[in-house]
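Me: Hello! I am new to this structure and would like to get to know it through a few questions. Could you show it to me?

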Amino acid sequence: MSDASAVSVSDYRRTAVMGLLTVLAGAVDAISFLTMGHVFCALVTGNVLFLSFALAGEGDVPVARPATTIGAFVSAAAVSAVVLKWLADRGRPWFPVGLTGEALLLAGGGAVVLLRHGTGPVGDTSDFFGIGLVALAMGVRASTALRMRVPGMPTLLSQTAIAELVNDVLDRPGDVLRGVSARQRLARTRWTATVAGIFLGGALATLLLVPLGTGRALLVIAVLVMIIAVSAMLVPLEKR
């Protein structure tokens, strides 16, 4: 079997879907950082650092906010991992279920923020319930993306993809000009889509969604995630 034939239509479809989810994760982080008190609901590594700063008595973020975000993310990741495995072991469509859970939690976070803060930002008012719901959604996303096992596309962070892409290009500098195999081209596409997706999501959220207000922006993202979930139900993406 040739290398080209090893890349299937499903591979490209999964790449496209995970790329879209990466854009939405970047948007969530932009909204949470800019309008919900300077926390990252998707990029948990940032919150770990914020927590360390707060415990050391430095920085502008109090202990409770990053601690709430980390706790919610980890809890949702653990519970959803169990649920998705249970569904997968029984041959049921776990991927759209994971996305549906994420969308509902995002919608809940958006509704809470709208009810408590209107169309304005959450800011520094420490709305732990709203922040917690968004972090729960991203915890579900983490387990969903991990189980999908699309190499180089965790959808929540880009630093590994940057390193993999740079190392691959440096290992094969001539391939950049001469072309690469279908499998290697797909890998580079995934790494690039991860980096570009986070950037694009952050830019779109800053320019388009943040002006809507935190609550409405989260509801828009929730609707988009639900559309992807319905599409994944109609055209399954899970590996058999």
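Me: Which helix holds both Asp89 and Lys85?

Reply: Happy to start there, with a word on the basis: this is a predicted model, in which local features need pLDDT of at least 70, side-chain atom pairs count only at pLDDT 80 or more, and totals for chains, interfaces and linings use all residues. Residues are numbered from 1 along each chain as its sequence is written, and side-chain values use heavy atoms, with hydrogens and water left out. Helices here are DSSP runs of H or I with at least four residues, numbered from the N terminus. Asp89 and Lys85 sit four residues apart, about one turn of the helix, and the helix that holds both is H3 (residues 64-89).

Me: How far apart are the closest N and O atoms of Asp89 and Lys85?

Reply: A salt bridge is a side-chain nitrogen of Lys or Arg within 4 Å of a carboxyl oxygen of Asp or Glu. Asp89 and Lys85 form such a bridge, and their closest N and O atoms are apart by 2.8 Å.

Me: Is Asp89 buried or exposed?

Reply: The words have cut-offs: buried means under 20% relative accessible area, exposed over 50%, and partly exposed in between (1.4 Å probe, protein chains only). Lys85, with 43%, counts as partly exposed. Asp89 has a relative accessible area of 52%, so this residue is exposed.

Me: Which residues are linked with Asp11 in a network of salt bridges?

Reply: Asp11 pairs with Arg14, with 3.0 Å between the closest N and O atoms; both lie in helix H1 (residues 9-35), three residues apart. Asp11 also meets the side chain of Arg183 in a salt bridge of 3.5 Å, N to O. That second pair links distant parts of the chain, with Arg183 in helix H8 and Asp11 in helix H1, 172 residues apart. The residues linked with Asp11 in the network are therefore Arg14 and Arg183.

Me: Why does Arg14 count as buried?

Reply: Asp11, the partner of Arg14, counts as buried at 9% relative accessibility. Arg183, by contrast, counts as partly exposed at 32%. Arg14 counts as buried because its relative accessibility is 8%.

Me: Which helix gives the most residues to the largest nonpolar core?

Reply: A nonpolar core is a set of buried Ala, Val, Leu, Ile, Met, Phe, Trp, Tyr and Cys residues joined through side-chain atoms within 4.5 Å. The largest one has 48 residues, and those with the most contacts inside it include Met18, Phe95 and Ile221. Several helices supply at least two residues each, among them H2 (44-55), H4 (94-117) and H5 (128-148). With nine residues, the helix that gives the most is H1.

Me: Which residues does Ile221 touch, not counting residues up to four places away in sequence?

Reply: Contact means heavy atoms within 4.5 Å. Ile221 is one of the residues with the most contacts inside the largest core. Beyond those sequence neighbours, Ile221 touches Leu24, Ala27, Val28, Ile31, Leu106 and Leu209.

Me: Which element has the highest mean pLDDT?

Reply: pLDDT is the predictor's confidence in each residue, from 0 to 100. The protein chain averages 87, and 90% of the residues score at least 70. Helix H7 (residues 175-178) has the lowest mean, 56, while the highest, 95, belongs to helix H9 (residues 214-234).
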